[in-house]
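Trainee: Got a minute? I'd like to walk through this fold with you.
Mentor: Sure. Put it up and ask away.

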Amino acid sequence: MLCDGRDLLRLETEHPFGAEPSRPDVVRFVSVLTKPARVRAAIPITLPPSGKWLLRVIASHHPFVFGVYRRHMKTIGYLGQIDKLVGVPVTTRNWNTIVAIVRILKGQGKKGG
């Protein structure tokens, strides 16, 4: 999955997860869409829809979908449903990975290349 580095740099200033620190049992994630979503799901989305939540989609701003999930064996199945929710293939990465990429991109900009 590819996206423009400028889009990733913009994420840092938009604070998609707000100012509240993450809890140790909850992982923040970003899914990158291959193209504009074909389905406009009502956000927020909680999976499973009843009982203790394992995944929450909290925001969407093309080409990104933002959410959080609990560390649990069943969570991987819910992450796999994001493609169906938006109607296009996505790739999902931990928010910490995105932050690391942004740091690299910012470092490259300072070196002029």
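Trainee: How many bridges join strand β3 to strand β4?
Mentor: 6 bridges, with the two strands running antiparallel. β3 covers residues 55-61 and β4 covers 64-70. Keep in mind that this is a predicted model.

Trainee: Which residue in β4 is the bridge partner of L55?
Mentor: Y69.

Trainee: And the whole sheet, what's the strand order?
Mentor: β2-β3-β4-β1-β5, an open sheet of 5 strands with antiparallel pairing. The twist averages 25° from one strand to the next.

Trainee: Why is one side of β2 and of β5 left without a neighbour in the sheet?
Mentor: β2 (45-47) and β5 (90-94) are at the edges, and each has a single partner strand, so one side of each has no neighbour in the sheet.

Trainee: Switching to helices. Where does α1 lie?
Mentor: Across β3 and β4. Helix α1 spans residues 5-14 and runs at about 60° to β4.

Trainee: Now packing. Which residues touch the most other members of the largest nonpolar core?
Mentor: F29, L33, L55, Y69, L79, I82 and V86, out of 16 residues in that core. Elements giving two or more residues are β1, β2, β3, β4, α2 (75-79) and α3 (82-86). β1 gives the most, with 3 residues.

Trainee: L55 again. What does L55 touch?
Mentor: Leaving out residues up to four places away in sequence, L55 contacts F29, I45, T46, L47, V68, Y69, Y78, L79 and I82.

Trainee: What lies apart from that core?
Mentor: Another core, of 13 residues. Among them are V26, V30, W53 and V102.

Notes: Residues are numbered from 1 along each chain as its sequence is written. This is a predicted model: local features need pLDDT of at least 70, side-chain atom pairs count only at pLDDT 80 or more; totals for chains, interfaces and linings use all residues. Side-chain values use heavy atoms; hydrogens and water are left out. Two strands pair if DSSP finds at least two bridges between them. Helices (H or I, at least four residues) and strands (E, at least two) are DSSP runs, numbered from the N terminus. Axes are lines fitted to C-alpha atoms, for helices over the stretch in contact, and angles run from 0 to 180 degrees between N-to-C directions. Contact means heavy atoms within 4.5 Å. A nonpolar core is a set of buried Ala, Val, Leu, Ile, Met, Phe, Trp, Tyr and Cys residues joined through side-chain atoms within 4.5 Å. Buried means under 20% relative accessible area, exposed over 50%, partly exposed in between (1.4 Å probe, protein chains only).
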